[in-house]
Amino acid sequence: MRKVSVLFLMIFFSANSIRAQFGINTTLFSIKPVTAKVSYEKDGVVVGDLFKVFYEKDKSNGSTKDVKVGYVMAHKIGSSTIKNNKTSKVYDGNTPLTVFKKVGVRNVEKGMEIKKVKRNFISYGAEYSLQDNTFFSGPTVLASFKGATGTISFVIVSNLKFSTNTPITYNRITKNYDIKSWGSIGLRGEKILAFLNYFQVSGLVGFFGAPLSVDNIGKTSNNTEYAYGRLAPWYVYGGLKLSFNINPRIQFYVQDLYTANLVSGNWDIDYHGGAASATSLESQLKDNLRFQANSISFGIRIR
Amino acid sequence: MKYLHFFIFLFGVASNSFAQSSFKLDREFDIQPSYTGVQGVEVLKVFVKSKKEKGSLEKAKKNVIQAIIFQGVSGSGSASPFIQVNYLDDKTKEFFNTFFGKKHYLRYVNTANDGSITPGDFKRVGKYFRIGYLLKVEKAQLRAYLEDNGIIRKLGL
């Protein structure tokens, strides 16, 4: 079994290297806007694909070397079959043109060569929110698949730190719940609104809920019963993100997210080994957690 | 000493007017034949030297017309020039000053592949870029235009 998996990996990586050798290598057709003659049908370009811009330079010994200028990202793909708002409307005869946005590049010239850059399938990053007692308080770890521009990123948010020592009374038993860490899972969509060389402004829309683990709920000081909470609220959020691309792979950003309550009336706590119960944790947490709140966070993303 | 500046000024004006009446060729380009299209049309690849790509296509178009008329392109259908630049009289010089100054040559040259630059034709050499364009020259029409204006003699006459 191991041999088969190793063989599969060898075939996979060799296929990737062959694909890199025969990858897209063409020149920029225009600068305003930045376009090139690559298309969805011929070259398989999709929105968010990254291309390295470079030119050749003669060396003193007669050989040439590639001088990298920067990177451009496919913004509207050229396609002769697909027509929507993510395809290019700039046509030149029968050749569809793909429109690019500059990512960390300033002086591009028509005629410079572009080459497709292989990117990670999973991008990852971390955020830190300044506000206390919000869903985005504290450090946040996130991961997204194919962190493409204009597509929906799948974001896993974890370690949302908020804590409460508010006593929760149930069946005349008062417990101090110490909720320190839990995780939620959600979808985040990012749409780039404007590009200005190294900077980009994006709009964020998403929702999350369904905590993955709330192990610390129920660990009380006076009751050793193990318990876990099953919280099922769903929240929507939206906001703006200002990013600084120091590198096409590394992005620093600051974002302002506003969280709104979508469904929140279904808070349950179940006890293992004890009497099955359900109580409203939400009312107890409301004093300590702002459900509709504005949070400013800083983050880094590696693609 | 008092009139020295005046004489220098006069000399400058005279030399400037002399420069306007003279005709100067741009030599900073390479040209090589690419392939032949229909009869009377030459497809040539012109490499120009420029600090930026902007404006270099117009420079390439001017250079290829100058090469066809005054130099000839060896290996193509226009190996011999239409006219020798050393034997231009004042009337001919004035004609070519107008021809290139008012960009009348643009009627006889066009890009062969909608202006795109093929990979490898954009290279940095020193402080400049060496940019190659594939241009299509209407050689027969250009020759007819020059013949009609009396610049060159008609073939066979």
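This is a short walk through a predicted model with a chain A and a chain B, taking confidence, then chain A, then the contact between the chains, then the core.

Okay, confidence before anything else. Chain A averages a pLDDT of 68, and 53% of its residues score at least 70. Where does chain A do best, and where does it do worst? Confidence is highest in strand 2, residues 34–36, at a mean of 89, and lowest in strand 16, residues 227–231, at 43. Residues 210–232 of chain A have pLDDT below 50, though the model still gives that stretch 56 contacts beyond near neighbours in sequence. There's another stretch like that: residues 264–280 of chain A stay under 50, with 33 contacts beyond four places in sequence. Please don't zoom in there, because predicted coordinates should not be read in detail where pLDDT is low.

Now chain A overall. You've got 303 residues, and buried ones make up 30% of them. The chain has three helices and 20 strands. If you take its contacts with a separation of 6 or more, 64% are between residues 24 or more positions apart.

The element I'd like you to follow is strand 3 of chain A, residues 50–58. What does strand 3 of chain A pair with? One partner is strand 4 of chain A, residues 64–76, running antiparallel over nine bridges. A:Asp58 has A:Thr64 of strand 4 as its bridge partner. Those two strands make a hairpin with five residues between them, and A:Gly62 in the turn has a positive phi of about 100°. Then there's strand 8 of chain A, residues 113–116, also antiparallel to strand 3, with four bridges. There, A:Val53 is bridged to A:Ile114.

Strand 3 also takes us across to the other chain. Two bridges join strand 3 of chain A to strand 4 of chain B, residues 122–125, and this pairing is parallel. A:Lys57 stands opposite B:Arg124 there. In total, 17 residues of chain A are in contact with 14 residues of chain B. On the chain A side, the elements giving two or more residues are strand 1, residues 25–30, and strand 3. What is that side of chain A made of? Four nonpolar residues, five polar and eight charged.

Last stop, the core. The largest nonpolar core has 49 residues, and the members touching the most others are A:Val72, B:Val46, B:Val64, B:Leu135 and B:Val137. Let's look at A:Val72. Leaving out residues up to four places away in sequence, A:Val72 touches nine residues' worth of names on my slide, including A:Val34, A:Phe51, A:Val53, A:Phe100 and A:Ile114. So yes, A:Val53 and A:Ile114 from that strand 3 and strand 8 bridge turn up again.

Which element gives the most to this core? Helix 2 of chain B, residues 56–71, with seven residues. Among the buried residues of that helix are B:Leu57, B:Ala60, B:Val64, B:Ile65 and B:Ile68. As background, nonpolar side chains tend to be buried together in soluble globular proteins. Polar and charged names are on the buried list as well, including B:Lys61, B:Asn63 and B:Gln66. And just after the helix, B:Gly72 takes a positive phi of about 85°.

Terms used. Residues numbered from 1 in each chain as written. Chains lettered and ligands numbered in written order. Predicted model: local features only at pLDDT ≥ 70, side-chain atom pairs only at ≥ 80, totals over all residues. Contact = placed C-beta atoms within 7 Å. Nonpolar A, V, L, I, M, F, W, Y, C, P; charged D, E, K, R; others polar. Pairing = 2+ DSSP bridges. Buried ≥ 20, exposed ≤ 12 C-beta atoms within 10 Å, placed from the backbone. pLDDT = per-residue confidence, 0-100. Core = buried A, V, L, I, M, F, W, Y, C linked by C-beta atoms within 7 Å.
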